[in-house]
Amino acid sequence: MVAAVSGQPVARGMRESLLHPLVSMDPSCNTWDMYGNDFAPADASDGDLLGQVEAAEAALRAAADRGRGGTAAPDADPEAYFADVIDADQKIEPRDWMPEAYRRTLIRQIAQHAHSEIIGMQPEGNWISRAPSLKRKAILLAKVQDEAGHGLYLYAAAETLGVSRDELVDLLISGRQKYSSIFNYPTLTWADVGAIGWLVDGAAIVNQVPLCRCSYGPYARAMIRVCKEESFHQRQGYEILHTLAHGTPAQRAMAQDAVDRWWYPSLAMFGPPDGDSTHSAQSMAWKIKRFSNDELRQRFVDMCVQQAEALNLALPDPGLRWNPERQAYDFTQPDYDELMRVISGDGPCNRQRMEHRRRAHAEGAWVREAAAAYAAKRAGRKEKVAA
Amino acid sequence: MNEPTGQRGGREPAPLWEVFVRARRGLSHTHVGSLHAPDAELALHHARDLYTRRQEGVSIWVVPAGAITASSPDEKDAFFDPAADKVYRHPTFYEVPDGVAHL
């Protein structure tokens, strides 16, 4: 009775305290200006990551308004037309002619990106049932749900290139396509959830923001959406670490330990150094990629130093120091041999991640079959009524 | 995000649906992406979960991708070229004499 009487206000209060931090974290985290022309292009001058995403979005619209400046006639040489569109910083759309290698490169890159989002649910999903409070649990659930969403946006973008969803799923579960090496590391403590949000999602954003300007329209549009949502992920991770770093000595130690373990694998997320990167030059020419691996890695390091200071946590690199000549931080490179080992299947959790993915796919088969059978039954009934 | 490519994989996949969202009252529905679902009802549920997790919409349409007929097999400008030489369809084509108001 008491519960029933007081149920309403308590429930509402709880809902607000749960949901408010989610939606009010940053108003521009919402994808409110996602849809067409109802908002003026955002001011990009602040230079933060969300500002850069909005600038990319504004550039996309500006290019669309400007039109293709070139002279190649659409019916003439398709290759010249393709080059023209790329030169004019316009987007290639699904049914445009494109070089086969451009199509293949994009399918590979978008698919691996999608697989990474899907596998990326596992390390954090590990902590949903053990989150330290209801608020943290609700946030983590929302975050992991976002990762699934990002995987689906990306699969949809890959499908516009003529590959089917089932093929993509097969490529992942048969191990013929890779996902980001970072998700093969274990999440040992709650602080790892914070470190993943801050460092792993932070590195992902630095990688992904330039992809908002990718020459392939569906990928660029998906990335704009993903980056806006990703920014919530990074901030929630940072907040977890900040709370722990200002807690008991044991909590502080746990936070530092997580940063120590995730720092170098996060640096490795940017891929091999430029000299060893196999796909870079062509991808740059096609404007799929805008910056080299090393440029992005440097940008990430420069960003993190000040953020680590605010956390009062140390980055585990004795070689880290400001270089006034380069106007950037010198830092120790991650172990690229380890990166190659992890990519080729020998990381701490590769087998576990793949087994889990395969099991989840197999155990979900009956749901897909039941939904298809139900749809067929209902369609059959409709036909009978119509007849 | 997705547009029908006319190509399909080896197995029979769940049908593809294109998703359109009205962001707010007074705006048109805008294409936001696509998804797979066995029927319209589930497509609508999935669209809500996938594309409106942050109150991005007040209304959703889902359309079977196969039901969309596109203007041309390639997204080329030529189909729309005839419109380019009919500048008299725009009000700016006409000269308005000085001093004429409300035109």
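**Exercise 1. Place A:Asp170 and classify its exposure: buried or exposed, or in between?**

Step 1. A:Asp170 sits in helix α7 of chain A. Helices are DSSP runs of H or I with at least four residues, strands are runs of E with at least two, and both are numbered from the N terminus.

Step 2. Its relative accessibility is 28%, so A:Asp170 counts as partly exposed. The cut-offs are under 20% relative accessible area for buried and over 50% for exposed, with partly exposed in between (1.4 Å probe, protein chains only).

Step 3. Compare sequence and space. A:Asp170 and A:Ala373 are 203 residues apart in sequence and 22 Å apart C-alpha to C-alpha.

The model is predicted: local features need pLDDT of at least 70, side-chain atom pairs count only at pLDDT 80 or more, and totals for chains, interfaces and linings use all residues. Residues are numbered from 1 along each chain as written, chains are lettered from A and ligands numbered from 1 in the order written, and side-chain values use heavy atoms, without hydrogens and water.

**Exercise 2. Describe the surroundings of A:Arg297.**

Step 1. Locate the residue. A:Arg297 belongs to helix α12 of chain A.

Step 2. Check accessibility. A:Arg297 has a relative accessible area of 0%, so A:Arg297 is buried.

Step 3. List contacts (heavy atoms within 4.5 Å). Leaving out residues up to four places away in sequence, A:Arg297 touches residues including A:Phe270, A:Pro272, A:Phe331 and A:Tyr336.

**Exercise 3. Characterise the largest pocket.**

Step 1. Fix the term. On a 1 Å grid over the protein atoms alone, a pocket is an open set of points where a 1.4 Å probe fits, with protein on both sides within 12 Å along at least five of seven lines; lining residues have an atom within 4 Å of a point.

Step 2. Take the volume. The largest pocket holds about 1400 Å³. Volume here is the space filled by probe spheres set on the grid points, which are joined across faces, edges and corners.

Step 3. Find the centre. Of 37 lining residues, the closest to it are A:Leu152, A:Arg165, A:Arg368, B:His36 and B:His46.

Step 4. Assign elements. Those giving two or more residues include α6 (134–159) of chain A and β2 (29–36) of chain B. α15(A) gives the most, with 6 residues.

**Exercise 4. Summarise chain B: how many helices and strands?**

Step 1. Chain B has 1 helix and 3 strands.

Step 2. From the N terminus, the order is β-β-α-β.

Step 3. Of its 103 residues, 29% are buried.
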